[in-house]
Each structure stands twice: as C-alpha cells, then as structure tokens.
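Subject: Structure for you to look at

Hello,

Here is the structure I said I would pass on. Please open it first, and then read the notes that follow.

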Amino acid sequence: MNDSESGSSDVAGRGWGPAVGRRRFLQWSAVAGGGVGLAACTGAEEGQTAAGLLAPEAPPDRTVWNACLVNCGSRCPLRFEVRDDQITRVLPDDTGDDEIGTQQIRACVRGRSIRQRIYSPERLKTPLRRVGERGAGEWEEITWEEAFDDIADNLRRVLEEYGNEAVFQAYGTGVIGGTIINSYGPYGGAIQRLMNILGGSLTYYGDYSTGCITEAMRVQYGGWTDTNSHDDWKNSELVVIFGNDPIETRMSGGGEVFVTQQTKKKHHTRVIVVDPRLSDTAQQLADEWVAIRPGTDVALIAALAHVMISEGLHDQEFLDSHCVGFDDEHLPEGVPAGSSYRAYVMGDGPDGTAKTPEWASPVTGVPVGTIVDLARQIGRAAGPVAVMQGWSAQRQQNGENQSRAMFTLAAMTGSIGVPGGGTGSREGAYMLSLAKPFDAIPNPVTTQISHFTWTDAIERGPEMTALNAGVRGADRLSVPIKFIWNYGGNTLVNQHSDINRTTELLRDDSKCEFIVVIENQMTVSSRYADILLPDLSNAEQMDIINQGHAGNMGYTILADKAIEPLYDCRGIYEICSEVARRMGVEREFTEGRTQEEWVEHTVEETRKTYPELPPFQELREMGVWKMAGESVIPLRDFREDPEANPLPTPSGKIEIFSEEVWENARRWELPEGERITAVPEYVRTTEGAEAARAHTTYPLQLINKHFKGRTHSTYGNVPWLQEAHPQRLWINPADATARGLDNDDWVRVFNDRGATLVAVKVTPRIAPGVVMLPHGAWYDPGPDGTDRAGTANILTSWHPTSLAKSNPQYSTLVELEKTTAPDLEA
C-alpha cells in the first residue's frame, strides 16, 4: 500500500514480510524466507507457477473491475482475471477509443504489475505487537481481538490524559481516490470519521506534494487555482512549462500523457520546458529545453520580467484592472513606494538591483541570450501564452516565491482566464465529483499544523505557535502528539526528511507513546509500529473511486471485490468499526451500513447531481463509466468581469503584492537569516544554487523526481519494476569526470545528515552542478547505518520553508565519492 511521497530498493525477497507462529518473538534476520506469497497456502497443480500462483495462461472463471489507487494524479481502472479465487492476469480498460475526451484509460506499467504487490512476500499476514525497541523488528503475533483492545485502551488513555489534540493521523496517500479506503486523513476516510465522532483530532494543512504552491495560491489567488487543462493547448500560441513532467508522473490513460501527446501531435503548439533535467516531457513534447539550476526559477522570471517591461511586452491593461501590486500605482493604501514587483525587477526597490538577464544568468545558469530570447518569445506571441508549473519547483526553501513568480509571469502575459492561456499553476482537469456522505461528520478540533511539522509537534508541541511554527486555528498547540494512526502511508519514516533524525525520534516511546500502522506490506514505516495490522489490498474489497486527471473527460470506477481476503487480513472499515465498538460509538460510525452499502449509498447520492450516472448494480457490471466534459479554463468569469466575480483575496484581485505577507514579515518569529517577501523575490537560501557554488564540502545540488518504477514508495518492492527501472543517480558528464566516475559505478552520496549508496547514470540530461535521485526508495540501512537503497530522504532536512512551513526536499546539498556495491546480505 505504501505512500504518497515514497520508493524502491533491492528489498524484494529480502524477507521483510513476517510469517510467524503465535507468541513467537521475531527479529528481522529471522523473518527472511517467511514471506513466500501464496506458495505457503496453495499446493502446486496444473496451471500453477513455481511460486504457487496460477499462471496467466489458465482460463479465468470471471473478470472483475477494480482500480489502481496510488497517488500519481491518475486513477486507472484495472480488469482482474480470476480463477479459483486467484488473480491470474491484470488487464487495462478496454472501453472508449483514441480520441481526447473519450479515450481508453490505459493503466501504466505500475498498475499492470499490481499482482506482484497483492501476492508479495512482503504482505503482512497477521496482527503483530512490538515487544522490543520501536524499529528493532521484534514482534509477537496476536489476535485481532487483542489488537483492537490494545488500540482502544491506548486511544482512550491518551484522550483522557492529553485530550483530542494529542491524536494525529499521519500523512498517507498510498490509498487514495476511494470513499472508504482513503488514507488521506484530513480529507476523509474511515480513521478520520472515527476520530471526528470521538471528538476530533489534530490535523494538518497542505501536503508533501503541494505545500508551498498551495500557500502561494491562497496568497495570490485566494485559494486553490489550477491552470487550463492540457487539451486546451489547442488554443495556445506558446506553452511554457516550469518543472512539470506529466509524461512520466501521470503516465497513464487516466493521467495526462495521452492528452498532452495527442494535443501536441494534432495542433503543433510550440512548447518550452524549463527544468534542471531533460525530462521525458521535455524530450517528447518540447521544442526547446532551458536547463536551470534548482530553486532559481524566481530569478529567471524576474529577468524575463525585466526584458518584457523594458521592451513593452507585458499586458499593462490586464495588470491594472485585475491585479494588485504589480507597480507602485497599484499598491495597497499605506504601503510605501518601491514595494511593488515592478520596482523590485527594475531596481527601484529596497535592494536597488535591477534584475537584468546579466544579473540572473550567473544565478540560474541560463545564458543571457537564452533569457532575452525566452522573454521575447513570451512577450511577442501572437496568441495566448500558457504558463504552467509542476510541483517540483515549489519543493524548495523558497518554494512559495517560486510559485508566485510563475503566477505573476502568467499575469504579465494577460492570458489568465482565456482559452489557450492559464494561471501559471499546474494543469486542471474536468472532474466528476462524487458525493461524500461517509465524510460528512466535521472535525471538532480546529487546530492544525503544517503537514511537514508533525515531528516538531512530537518533539516540542506546546512550544509551537501561530507566529513561530504556522499553527492555525489556535495560538499554539496545547500538547505534543502522543498517538499516531498511520494508514496506507510511508511518510512516517521513508518519505519524511532526515530519516536518521526521524527514526531516532520515533524510537523514543516516551514522546509519541503509541503508533498504530495499518498496511498490507512490511514497509519502512511499518517497522515503527506498536501495533501493526495487516490490511486488505483493494483487490480484496469494494469501493467507489474518484477519477484522476484526464483532460476534459469525466469518469468514475466501481472497484469490486475480486478475491477473498488473503491470510488473516482485514480492511480499514472493519478495523475502525471494531475500535468504534470498543469506544462505544459503533452505531454512529457505521450507521448500520456495511462497506458495500456505503458504496451503494455514495453512488445513489452522486446520482442526485449526475442523474445520468448508472445505478449501483449497473455501474458494478460496467466497472468504469465515462462522461463528456469540457476544457477547464479557471478564472474565466473573473477575467470577464473582476468586479462582479471577485477572487477570495482581501482585494478581490490577483495579489502580486500581498498585504498579509507584508504584515507577517513584521510579526512572525523567523529563524535568523530567513525572510518572507510581499512580492515574489528571489531569496538566497542555505542549500540553494549559490550556496552550492560556494560550498567546498557539499557543492552539488540534489533533487528528486517521481519515477516510472514506483509511485512515491508504492510499488517499490515489485521485482518486475525493480528490474525494468533500477534506482540510479543522474549526474552530468562534467561532474562525473571530475570525480572519476563512469556509468554504473557505485557512489556514496553524503552530507552531515547521512549517506546512501547508489549506482550512477552519467547523462547530459541533467544540468552541471546538479544530481538527481528518484525519490521513494525504501530505506535499507547497513551495519554502519549507511543506507544501501539510494534513499533520498537520508539526506534531506527537517527545516521547513518560511511561509508555508512546508517540505524543501529539493533544496539539499551533497557530495559523492566512488565506492563499491553494497553487501545487501550484511
């Protein structure tokens, strides 16, 4: 099940999966060989593989619709061929055609390999209780009744002793898109429903994917604002993409790969990609690739703005009528002259420095001529310009300003709210919005922390305030986090920053006193449970599925139960129902419905909005239902009449200058050397591009990327995908030569926070001075503590960004040295 922000390593078959006798104590070394999939419970027969699974050639008894529920932005239907209660083959959607808006939703290589996850040796098989130090891998097998009693007793104790604010559901998106089986805590699902009935719990704002851009959108647009859907490129004169790689990150028919490729093919729209690496999107879609140093997009955009202002290539009329703070004439009342974005760019602001291409080039690594040419292409375009960004540029220490700068560039083109244009955000998509009756109970606890600061909340909860840590809904936290639910997520360890520091914190059970992990794989985070519960896979239960991004097409999937539960596994709905019974709220939790009845109820409630949606039983037989949608063009009404359709900002307009941030800059208690700015300025950071060039010990900028071989960490233990997409660190030939490295050499990548071992890929597809490590590899420490899996988060920092208090995991400085391949058996 794993997580939203997660990974891979050579762990398949290494024995993380426990197959244990009752009350038998376990060590990790003793677990090896215990997880043998179904071979342990099925005898060999004709048509079976050596592992005990029925071969795909065996004719199926039936075909069952289900889905891949990981957090890639897509949501793809799957058809499971089943024989003798075993899945023998996984097939993609066979409905629809090859036209945009009615396309087949073809699953990618990850979803098509789901059988290897369902029958993985790492499948958890029975409830376990920790008996040694947390994280040491010492367990005893217990009954479900004992597990439910332990959870309820500890939950009751924590609520009575500390209050509801001490309970926290950890960030997790390994199960996302479902109604019941949804691990994305504050936004619904069984655990959040249970806690809301019990008086609520501490929740978070933002997320690891979009923490900085979410805050940037709130500040500049008043709330979440997508840009135009990719199918609308047909109306664009020019598309400029900053750090977005939909060809790889959303590489299925339910994602954006089909829409982008077909639109480019049919309409020949010019595409420019700005990215530190020649991504798959840049390679397949772009007419021009602009290589840039990570975290410096905001400096590049300031230089583009300087050229456009100097040559009169910006849309001053749109900026005057729809925006606040582009120039001094449109600043809020009482704000001194020289505080506008134009003043900052032209050198009329407090720093007195004009942001010319000559200023930006040594910062960004982009040649002066390229900057000037790019500005003129944008400013002189004969039709709408679509400026858009992915979510990589905002995972930086200055990520909020990175995103706001791209919004501002979009405003300068005057192409916001029109076909072919965009807001500067990431692509939107037409969505069929399911009803959410299961999530209807509100959370009585209004206090929230940033998604990224939960480790701080364990360590120093009551010290965290609104002014020093971004606490919302209250002036400060009243108590530390004492109880954690971790369902379908690997962010408890693997996807959070600074793994060495995080695991040290979690091992101390006097701080966070009780951790419940609900998983179907022995993930990295599973190792740090007090009670570890074996969850069902989605193949073993039913749910109704929210769609993913698919351009202008709407759809939903009825994911049916394909096989009976394996081993002694149970689903999240039954788990929460049993805990609810022990807490005296079972009736309120279930409302007398089974999981299937909740799914049917959700379908019927959704049909009140979409009467054309088939009834439950008909939808169950269809599996996937599609509807024609429209191109998404955000802010269209605002563009046409900003007075009649104001934005939810204080001014009702696009706030290039934010008076809220201006005030917070004076009130907030920021660490020494940090600052937040009312307009999107370039801010030098401690692990940014300029720091790297000046650093004698750690001169390389390390970035992560989403990876074909897994979605975050999900699918990271699938042998097929490990073989097809091995973990490799990308390095530019110049940097490799300087370190005596050839392709496939092993290196030790390190900084003061830790070290990891990985083989290198020497390629000109990455900018000099930058190395790239695909994120989500499963942390695998050797005897000396060095990670052996190429796990990026052994190197990243806990230190949050200044404004959003988000994760700056792409702002990391490292060095590397040649070494030998690790001994994975040590």
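This is a predicted model, so please treat the notes below in that light. I begin with a helix, go on to the sheets and a helix pair, and end with three residues in loops.

**Helix α19**

How many of the eleven residues of helix α19 are buried? Helix α19 covers residues 572-582, and nine of its eleven residues are buried, so the helix is largely enclosed by the rest of the structure. The cut-off behind this is a relative accessible area under 20%. The buried set consists of I572, Y573, I575, C576, S577, E578, V579, A580 and R582. E578 and R582 are thus both in the buried set. After α19 comes G584, which has a positive phi, near 80 degrees.

**Sheet β17-β18-β19**

One open sheet has three strands in the order β17-β18-β19, and the pairing is antiparallel. β17 (543-545) and β19 (624-628) are at the edges; each has a single partner strand, so one side of each has no neighbour in the sheet. Ignoring direction, neighbouring strands here are turned by 15 degrees against each other on average.

Three bridges join β17 to β18 (residues 553-559) in the antiparallel sense. At this pairing, I545 is opposite I557 of β18. Helix α21 (residues 595-606) packs on the sheet and touches β17 and β18. The direction of α21 makes about 35 degrees with that of β17.

**Sheet β1-β2-β3**

A further open sheet, also described as three strands with antiparallel pairing, has the order β1-β2-β3. Its edge strands are β1 (62-68) and β3 (86-92), each of which pairs on one side only. From one strand to the next, the twist averages 35 degrees.

Strand β2 (residues 76-83) pairs with β3 in the antiparallel sense over six bridges. R83 has Q86 in β3 as its bridge partner.

**Helices α13 and α14**

At what angle do helix α13 and helix α14 pack? The angle between α13 (residues 357-364) and α14 (residues 368-379) is about 115 degrees, and their axes are 8 Å apart. Their crossing is right-handed. On the α13 side the contact is made by P357, E358, A360, S361 and T364, which meet V368, I371 and V372 of α14. Sorted by class, this contact has five nonpolar, two polar and one charged residues.

**S340**

S340 is in the loop between β11 (323-324) and α12 (341-346). Is S340 buried or exposed? Its relative accessibility is 1%, which means that S340 counts as buried.

The S340 side chain makes a polar contact with the side chain of D328, at 2.7 Å. The S340 side chain also reaches the backbone nitrogen of A343, at 3.2 Å. Leaving out residues up to four places away in sequence, S340 touches G325, F326, D327, D328, L331 and V679. D328 therefore appears both as a touching residue and as the polar partner of the S340 side chain, with buried S340 at 1% relative accessibility.

**T210**

T210 is in the loop between β7 (203-205) and α6 (211-221). T210 is also buried, because its relative accessibility is 3% and the limit for buried is under 20%. Apart from neighbours within four places in sequence, T210 is in contact with W224, W391 and Q394.

**N443**

The loop between α15 (399-413) and β13 (448-450) holds N443. N443 has a relative accessibility of 21% and therefore counts as partly exposed; the limit for buried is under 20%.

Which residues does N443 touch, not counting those up to four places away in sequence? They are Q192, N196, G200, S201 and T203. The N443 side chain reaches the backbone oxygen of S201 at 3.0 Å. A polar atom of the N443 side chain also lies 3.0 Å from the backbone nitrogen of V445. As for distance across the model, the C-alpha atoms of N443 and A337 are separated by 44 Å, and these two residues are 106 residues apart along the chain.

Regards

Methods. Residues are numbered from 1 along each chain as its sequence is written. This is a predicted model: local features need pLDDT of at least 70, side-chain atom pairs count only at pLDDT 80 or more; totals for chains, interfaces and linings use all residues. Side-chain values use heavy atoms; hydrogens and water are left out. Helices (H or I, at least four residues) and strands (E, at least two) are DSSP runs, numbered from the N terminus. Buried means under 20% relative accessible area, exposed over 50%, partly exposed in between (1.4 Å probe, protein chains only). A polar contact is a pair of N or O atoms within 3.5 Å; within protein, one must be able to donate a hydrogen and the other to accept it, and residues adjacent in sequence count only if both atoms are side-chain atoms. Contact means heavy atoms within 4.5 Å. Two strands pair if DSSP finds at least two bridges between them. Axes are lines fitted to C-alpha atoms, for helices over the stretch in contact, and angles run from 0 to 180 degrees between N-to-C directions. A crossing is left-handed if the near helix is turned anticlockwise from the far one by less than a right angle, and right-handed if clockwise. Ala, Val, Leu, Ile, Met, Phe, Trp, Tyr, Cys and Pro count as nonpolar, Asp, Glu, Lys and Arg as charged, and the others, Gly among them, as polar.
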